[in-house]
Amino acid sequence: MHIGIIGTGRLGSFRARTMRDLADVTNLTLYDRNWSKSTAVAHELEAMVAGSVEEVIDAKPDALLISTSTVDHATLVETGVEAGLPVFCEKPISLDLAATERLMQQVSASGVQVQVGFQRRFDMGFRMAREKVFNGELGRIYLVRMVGHDHEPPPESFIKRSGGMYKDMHIHEFDLIPWIVGQPIVEVYASGSVLVDQAFQRQGDVDTTAAVLKLAEGALVVLTGSRHNPLGYDVRMELHGSGDSVSVGWDKRAPIRPLETEREGGSAPYLTFFDRFNDAYRAELVEFLRVARGEIESPSTVKESWQSLRVAVAAEMSLIDHRPVSVNSVV
Ligand SMILES: NC(=O)c1ccc[n+]([C@@H]2O[C@H](COP(=O)([O-])OP(=O)(O)OC[C@H]3O[C@@H](n4cnc5c(N)ncnc54)[C@H](O)[C@@H]3O)[C@@H](O)[C@H]2O)c1
């Protein structure tokens, strides 16, 4: 298969390397508006380089992968869909609800498959959790606890265009929770502080968050977020139900130090999302190739992304207004 990749920055270059490793991928055409980035990756991977998005499309790839900064995602997805190409796009699809809704309608009318890059859906632990909820082993879900803590805070240039804690970072949890528990998030009560770096304050963002989410059947979620954890990159989940209590991410590399016992075998804690989700990133691209071959429908749709963005907007409103916000009130 021939894959066109737009954006070969931090994640796009990793995507290109992952694609290059997959047996089905024979050709890559890369484009980044920073020419030196695409040529460096193309040289390493023996890929072709295009000078524009149009040139990527003209190269007649079988599918398109969009890994640019968030601000251009929606327009580029639209271009791919108009060309009739199956598209993989990094999260979030847009920071704007109306733009996401428009794209959702366009994608649905076109019949073209678009997969949004929520790689946690391909993590073995999260998949097992979902299976246990869906096969009834956990019984009625009472409580969920989730942690999303970065190792080091990003630079201010990133904070400025990221969309903030909820649309950039917690969007992962807002996507994952309904997918695992099988219930939409209906209400959000969010609070936040700036404790890590004043750059977040300057950009109108927070770096430390706690939120209580209510799911459609009454289960409660307690979610915490931080842009700094000195030990590493920490993503964990606990599910407590009437039938069982389980956790995801509490393995020997979890970047938190138990005080009563020694960490087993001196395992190095996870430091980055590449480290924590390496297998999941690969698995989601393997799945995308199946989407591109027409074997399956997108496992992570624009419609679902629109829903998770609504939750992120509700969280922002709650943070500002100091009150619980119903997700249905976000239009
Ligand atoms: N799923 C995840 O865990 C995860 C992790 C990190 C980033 N992301 C998402 O991936 C995206 C990229 O993040 P990153 O950290 O790689 O950013 P980055 O800034 O390192 O890379 C973005 C690249 O896109 C290029 N670019 C920007 N606009 C372009 C355009 N219109 N046409 C062509 N090239 C363009 C830039 O020159 C740059 O090389 C973001 O949307 C981010 O939210 C997802």
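Two residues are in contact when they have heavy atoms within 4.5 Å of each other. Keep that in mind for the first exercise, and remember that this is a predicted model.

**Exercise 1. Work out how the protein chain is built overall, starting from its contacts.**

Solution.
- Take the contacts between residues at least 6 apart in sequence: 69% of them join residues at least 24 apart.
- Next, count the elements: the protein chain has twelve helices and 13 strands.
- Now check the packing. The radius of gyration is 20 Å, close to the 20 Å that the globule rule gives for 331 residues, so the protein chain is as compact as a globular protein of that length.
- For the outer dimensions, the C-alpha atoms fill a box of roughly 55 × 50 × 45 Å along the principal axes.
- Finally, look at the surface. Buried residues account for 51% of the 331 residues, and the accessible surface comes to about 15100 Å², with 51% of that belonging to carbon and sulfur atoms.

**Exercise 2. Find the strand order in the six-stranded open sheet, and say which strands stand at its edges.**

Solution.
- Reading across the open sheet, the order is β3-β2-β1-β4-β5-β6, and the pairing is parallel.
- β3 (48-49) and β6 (114-117) each have a single partner strand, so one side of each is left without a neighbour in the sheet. Those are your edges.
- Zoom in on one of these edges: four bridges join β5 (residues 87-90) to β6, and the two run parallel. Within that pairing, Phe88 has Gln115 in β6 as its bridge partner.
- Now add a helix. α4 (residues 73-82) packs on the sheet and touches β1 (2-6), β4 (63-66), β5 and β6. Its direction makes about 175 degrees with that of β5.

**Exercise 3. Decide how the rings of Phe14 and Tyr281 are arranged, and which residues share their aromatic cluster.**

Solution.
- A reminder before you start: a pair of aromatic rings is described by the distance of the centres and the angle of the planes.
- The centres of Phe14 and Tyr281 are 5.3 Å apart and the planes sit at 75 degrees; planes over 60 degrees apart count as edge-to-face, so that's what this pair is.
- Where do the two residues sit? Phe14 is in helix α1 (residues 10-21) and Tyr281 in helix α11 (residues 273-292), 267 residues apart.
- Buried or exposed? The cut-off for buried is under 20% relative accessible area. Phe14 comes in at 17%, so it is buried, and Tyr281, at 4%, is buried too.
- Try Tyr233 and Phe273 next: with 6.1 Å centre to centre and 75 degrees between the planes, this pair is edge-to-face.
- Tyr233 lies in the loop between β10 (220-226) and β11 (234-241), while Phe273 is in helix α11, so the pair ties together parts that are 40 residues apart in sequence.
- Tyr233 is buried at 6% relative accessibility, whereas Phe273 is partly exposed at 22%.
- To finish, put the cluster together: Phe14, Tyr233, Phe273, Phe274, Phe277 and Tyr281.

**Exercise 4. Identify how β7 and β9 pair with β10.**

Solution.
- Start with β7 (residues 141-149): seven bridges join it to β10, and the two run parallel. Arg145, for instance, has Val222 in β10 as its bridge partner.
- Then β9 (residues 208-215): it pairs with β10 in the antiparallel sense over seven bridges. Here Thr208 is matched with Ser226.
- Last, the connection: β9 and β10 form a hairpin with four residues between them, and Gly218 in the turn has a positive phi of about 100 degrees.

How values were computed. Residues numbered from 1 in each chain as written. Predicted model: local features only at pLDDT ≥ 70, side-chain atom pairs only at ≥ 80, totals over all residues. Heavy atoms only, no water. Pairing = 2+ DSSP bridges. Axes fitted to C-alpha atoms, helices over the stretch in contact; angles between N-to-C directions. Rg over C-alpha atoms; globule rule 2.2 N^0.38 Å. Buried < 20%, exposed > 50% of the residue type's maximum accessible area, 1.4 Å probe, protein only. Areas by Shrake-Rupley, 256 points an atom, 1.4 Å probe, with all protein chains shown as cover. Phe/Tyr/Trp six-rings, centres within 6.5 Å; stacked < 30°, edge-to-face > 60°.
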